[in-house]
Amino acid sequence: MYSWKDCIFLTKDGQAHFILKNLTLEDHCFCTIIGQNGSGKTLFAKSICGELKNTSGTVPESISVANISFEKQMEFIEEDFNRRNSDTESDLVGYTPMEMFLRVNEDKRVISSLCETLHFSYALNRSYHKLSSGEGRKALIIEALLKNPELIVLDSPFDGLDVKTREDLQQMLIDIYNQGKSIVVTVNRFDEISPMCQKLGLIMDKELVKFGDKDEILNNSEVKQLTHYEKLPKIYSLPEVPEDCRDTLDRSIPIAVLKDVTVQYEDHVILNRLNWTINPYEHWQISGPNGCGKSTLLSLITGDNPQGYSNDLTLFGIRRGSGETIWDIKKHIGYVSPSFHLDYRVSCSIINVILSGYFDTIGLYEQPGDKKISLALQWLKILGLKEQANNSFKSLSYGQQRLVLIVRALVKQPPLLILDEPLQGLDSLSRELVRRFVEFLMKNGETQILFVSHHADDAPRGITHHLVFKDNGTRTFDVEIK
């Protein structure tokens with residue numbers, strides 16, 4: 001049994017706290033924690049894992065615990081980046097998942113079993129930085145489970161995982177629970193609550209305010225309000241686009257034309273002779289399992305994939321490799337993705353992240369002027385973050401950060417808006433708010449959408465076409481266009 005009583009926890013910088021008045025976890029329990037973005041779910045996870053400083057109250061003397069979170073993923077990516085770019089030891093490969101796993105458990109049979117369960121065996125010897133966001137999350141989950149802890153704490157573990165992997169992870173957690181382990185999971189979606197869950201907790205304003213039997217808490221009025229869409233603002237208009245940011249692209253030409261495009265790394269074919277055209281006024285949904293090639297395809301459209309030069313690829317009417325600059329492509333695109341979120345590591349204020357969208361930069365390096373500042377504040381007011389405008393971007397929760405990055409992609413209302421898993425980490429109300437933003441642009445503007453999600457019901461209303469990656473059983477994928 002683990003008990004916390006009258007506890008106040010502080011982050012290392014003292015800028016955030018979490019209150020845990022009374023919590024008891026049985027020796028063998030399965031608990032789920034819910035709450036809005038910014039309520040403190042991650043702080044709760046870090047508190048019970050002993051990662052925050054306890055300034056008062058009583059805590060368990062010692063717990064063998066593993067914590068899996070978005071922050072852990074960011075920390076590992078930073079570690080891997082530093083290793084690959086070290087002045088003393090350049091390592092182009094960086095960490096591989098197998099190397100990660102062997103650091104915590106040398107039993108290859110156990111590693112193999114976990115990898116098979118989460119369909120990860122094929123990626124064991126790939127470079128971590130070449131994995132998709134969902135694959136990277138799988139690797140961290142497996143690494144944590146290899147530590148064989150008494151208490152397993154998973155902070156939004158299902159984010160970024162495809163349908164099959166989410167089902168497999170749910171079953172894996174049930175199996176681990178049945179082996180006598182205790183499990184605590186924070187979730188943003190009610191359908192991610194395990195049928196095995198016994199206790200449910202509600203977090204509000206960085207405090208655990210409700211904790212009890214699952215069915216009792218689900219019927220609580222405060223919990224039901226987490227899905228009350230009437231609390232959201234009606235979207236009758238969006239902040240205008242500054243004159244100098246309005247795109248003059250000819251909207252009668254296709255956004256992209258791909259002819260017999262092939263992308264291959266060593267002997268692994270990602271895209272095989274793909275033919276695809278994004279015609280004017282088409283809105284596309286792209287779907288497929290983790291690692292199928294969705295991010296590779298998007299990197300061709302954004303101009304970031306060097307193999308675009310060796311293929312017949314035309315973007316915004318410009319043939320790739322005809323002397324264009326990367327700016328000639330990116331100036332027409334608004335973009336957000338899990339990998340972009342992970343890469344947004346600069347230290348800046350929340351409002352400066354919004355303002356950077358007007359300049360297509362990571363961080364703000366130009367004077368934006370009063371007009372752009374006023375518009376950025378209008379966006380933050382819609383998000384309910386205006387009063388925090390000058391706070392650090394890193395002070396926000398993962399979900400709040402994602403909302404800000406989505407708005408950053410929207411501010412110029414570009415010809416092409418690429419939303420790669422944009423709703424990952426968002427609570428129910430935030431997901432609906434983003435859908436309303438996007439649907440307004442689709443209906444009232446000239447922005448075309450490429451929308452990627454592992455949740456079919458996340459797609460905004462108005463999608464006209466669908467590109468689907470289908471596994472043919474050989475770890476290469478066929479593409480079906482509807």
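This short talk covers a pocket, two cavities and two helix crossings in one protein model.

Some ground rules first. The model is predicted: local features need pLDDT of at least 70, side-chain atom pairs count only at pLDDT 80 or more, and totals for chains, interfaces and linings use all residues. Residues are numbered from 1 along each chain as its sequence is written, and side-chain values use heavy atoms, with hydrogens and water left out.

Let's start with the second largest pocket. A pocket here is an open set of points on a 1 Å grid over the protein atoms alone, with protein on both sides within 12 Å along at least five of seven lines. The second largest one holds about 1,300 Å³ of space. Volume means the space filled by probe spheres set on the points, with points joined across faces, edges and corners. It has 43 lining residues, and K46, E71, K394, S395 and L396 are the closest to its centre. Lining means having an atom within 4 Å of a point.

What is the lining made of? It divides into 9 nonpolar, 20 polar and 14 charged residues. The classes: Ala, Val, Leu, Ile, Met, Phe, Trp, Tyr, Cys and Pro are nonpolar; Asp, Glu, Lys and Arg are charged; the others, Gly among them, are polar.

Which helices supply it? α1 (41-48), α2 (70-84) and α14 (398-410) each give at least two residues. α2 gives the most, with 6. Helices are DSSP runs of H or I, at least four residues, numbered from the N terminus. Domain 1 (2-231) and domain 2 (243-481) each provide at least three lining residues. Those bounds come from an automatic or database domain assignment.

Now the cavities. A cavity is a set of grid points where a 1.4 Å probe fits but cannot get out. There are 2 of 30 Å³ or more.

The largest has a volume of about 90 Å³. Its lining is I34, G35, Q36, V187, N188, R189, F190, L226, D427 and S428. That is 4 nonpolar, 4 polar and 2 charged.

The second largest cavity has about 40 Å³. F158, D159, G160, R189, E421, L423, Q424, S453, H455 and D458 line it. Here the split is 2 nonpolar, 4 polar and 4 charged. Where does this cavity lie? Both domains give residues to its lining, so it lies between them.

Last, helix packing. α3 (residues 97-104) and α4 (residues 108-117) have axes that come within 10 Å and cross at roughly 130°. Axes are lines fitted to C-alpha atoms, for helices over the stretch in contact, and angles run from 0 to 180 degrees between N-to-C directions. α3 and α4 are therefore oblique to each other. Oblique is what remains after under 35 degrees (roughly parallel), over 145 (roughly antiparallel) and 65 to 115 (roughly perpendicular).

Next, α4 and α5 (residues 133-146). Their axes also come within 10 Å, crossing at roughly 140°. That makes α4 oblique to α5.
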